[in-house]
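Visitor: I should like to take a close look at a single part of this structure, beginning from one residue and moving outward to its surroundings. Would you please guide me through it?

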Amino acid sequence: MIKTIISMVALFFDIVHGLDNGLALTPPMGWNTWERFRCTIDCELCPNECISERLIKRTCDLMVSGGYLEAGYEYIVIDDCWSAKMRDKDGNLQPNNTRFPKGILDLSRYLHSRGMKFGIYANLGTKTCAGYPGTITDIYKDADLFASWEVDFVKLDGCYSEVHEKEIGYPAFGMYLNATGRPIVYSCSWPAYLEDEAIEPDYEALKKYCNLWRNYADIEDSWTSLCDIMNFFANNQDTVAIHAGPGHWNDPDMLIIGNFGLSYEQAKVQMAIWAILAAPLFISTDFETIRPEFAQILLNKDVIEINQDKLGIQGRRIYKKKNLEVWRKPVLPCYMGYHSYAVAVVSKRIDGMPFYLTRTLKDLGLYNPNGYMIKDLFFGIIKNMTCGNVRMKINPTGVVFLKFTSVEMNMKNEKIRSAPTSCTEDIFFVQ
């Protein structure tokens, strides 16, 4: 059977030469079941948390009423454990009929009726990571099935398959999705599994066949896991950052904000760094129990604007000394060749002591003779400067997140914006 699939794929390669679906021109935003709800399937013991149409419909309604859809979080994705343990008599995937009694198409249309988009999980292997039917021999059948269910997003995992099967299967599945004629965002876990084998991913192939791809291990609900992922992207930024852009994104995994493992300060760190990384923003939390201060972080329009910036440039870590890091990303607007920038200053210090940092614009790699308008993206404070020092207090395991907007000059070389702060006056940002 595998040889048959390989032959079909080889033929298909001659017909279709890439995904090219025109989707995900900015990092996709939405919600995913996995990190918060995992494979909870006991609906008697956990009626509000089991993977079911009840959970998905409730989440949809809360995202609409809570302003998440309006903020840009448009996809709702069911991860693993949605299906029955066996395919149907025709060989098709089928949902668990107890937890999804009305079927997947009904659920998809429910989401669409409320303005949301629907995503689903499959696995390029003999079975899914949680032991449900895999897609390794049924890539064309499953692609057609998902299109018939009016799916808008597919996450394809990679458990229980070999490296060579992934090399064939991931491109093929994306092309089959494209061939259905339905616009479906395609998320690959391909490079995350190559990382396990210490194999360098072919990023040109990823950009050609996938809209986004997981680079590294699953995020866990902890500060340690968050820092581990940040370290991966910083340590490998020269390899991975250049491949992010409109239609194809590196994916550091889900937002765990609002769960159990991150404090308020740490939650702001994740939101800021995911914005700097131009990462897909997929929340995995329970909107019924989320505390208002965490919801406020997720709905922060200024931070989302950095993430969704149309330049599509993945930012980088530009400074590290012990437990202090500075991350920077070029963003719009750009005047006379001078970019604006988002700058995140992160403390990984866990001893309860804040950092005090003083930097000039030059220290931050910023130069515009007209100056910058500086906005604290979490507190909304706006100040102007052409030179002098930016002074910051960064809380333990916290972040100061600033946008430096280039100031435009008109034809008479007069400042359009208000007069900048004097060079002798420092600007101070406190978290």
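Guide: Let us begin with Met63, which is found in helix α3, a helix made of residues 53-65. The model is a predicted one. Is Met63 buried or exposed? Its relative accessible area is 0%. Since buried means under 20% relative accessible area, Met63 is therefore counted as buried.

Which residues surround this side chain? When neighbours within four places in sequence are left aside, Met63 is in contact with Gly30, Trp31, Tyr68, Leu69, Tyr73, Ile76, Met116 and Phe287. A separation along the chain may also be set beside a separation in space. Met63 and Lys127 are 64 residues apart in sequence, and their C-alpha atoms are 31 Å apart.

One of the contacts of Met63 is Tyr73, and this residue deserves attention in its own right. With neighbours within four places again set aside, Tyr73 is in contact with Met29, Gly30, Met63, Tyr68, Met116, Leu255, Met271, Leu281, Ile283, Leu298 and Ile304. Gly30, Tyr68 and Met116 appear in this list, and they also appear among the contacts of Met63.

Tyr73 leads to the nonpolar interior. The largest nonpolar core has 114 residues, and those touching the most other members are Tyr73, Trp82, Phe146, Met271, Trp274 and Phe401. Apart from that core lies another, of 21 residues, which includes Phe355, Leu361, Met385 and Leu402.

We may next consider the empty spaces. How many cavities of 30 Å³ or more does a search of the whole structure find? The search finds four. The largest cavity has a volume of about 130 Å³. Its lining consists of 13 residues, and Asn32, Lys155, Ser187, Asp251 and Phe282 lie nearest its centre. Strands β4 (153-157) and β6 (212-214) each supply at least two residues of this lining.

The largest pocket has a volume of about 250 Å³. It is lined by 18 residues, of which Cys129, Asp157, Tyr193, Arg214 and Asp218 are the closest to its centre. Here β4 and helix α8 (190-196) each supply at least two lining residues. The largest share, three residues, comes from α8. Strand β4 thus contributes to the lining of the largest cavity and to that of the largest pocket.

Finally, let us turn to a later stretch of the chain. In an unreviewed entry, UniProt lists residues 312-398 as "domain: Alpha galactosidase A C-terminal". Over these residues the chain is 0% helix and 56% strand, with the end C-alpha atoms 25 Å apart.

How are strands within this stretch arranged? Strand β9 (residues 316-321) runs antiparallel to strand β10 (residues 324-335), and five bridges join them. Among the bridge partners, Arg317 is matched with Trp327 in β10, and Lys321 is matched with Leu324 in β10. The hairpin of β9 and β10 has two residues between the strands, and Lys322 takes a positive phi near 55° there.

Strand β10 also pairs with strand β11 (residues 338-347), in the antiparallel sense, over nine bridges. Leu324, the partner of Lys321, stands opposite Ser347 in β11. The hairpin of β10 and β11 likewise has two residues between its strands, and Met336 in the turn has a positive phi of about 50°. One general point assists in reading such strands: in a regular strand, the side chains alternate between the two faces of the sheet.

Technical notes. Residues are numbered from 1 along each chain as its sequence is written. This is a predicted model: local features need pLDDT of at least 70, side-chain atom pairs count only at pLDDT 80 or more; totals for chains, interfaces and linings use all residues. Side-chain values use heavy atoms; hydrogens and water are left out. UniProt positions are given in the numbering used here, feature names are shortened, and annotations may be inferred rather than shown by experiment. Helices (H or I, at least four residues) and strands (E, at least two) are DSSP runs, numbered from the N terminus. Two strands pair if DSSP finds at least two bridges between them. A nonpolar core is a set of buried Ala, Val, Leu, Ile, Met, Phe, Trp, Tyr and Cys residues joined through side-chain atoms within 4.5 Å. Buried means under 20% relative accessible area, exposed over 50%, partly exposed in between (1.4 Å probe, protein chains only). Contact means heavy atoms within 4.5 Å. On a 1 Å grid over the protein atoms alone, a cavity is a set of points where a 1.4 Å probe fits but cannot get out, and a pocket is an open set with protein on both sides within 12 Å along at least five of seven lines; lining residues have an atom within 4 Å of a point. Grid points are joined across faces, edges and corners, and a volume is the space filled by probe spheres set on the points.
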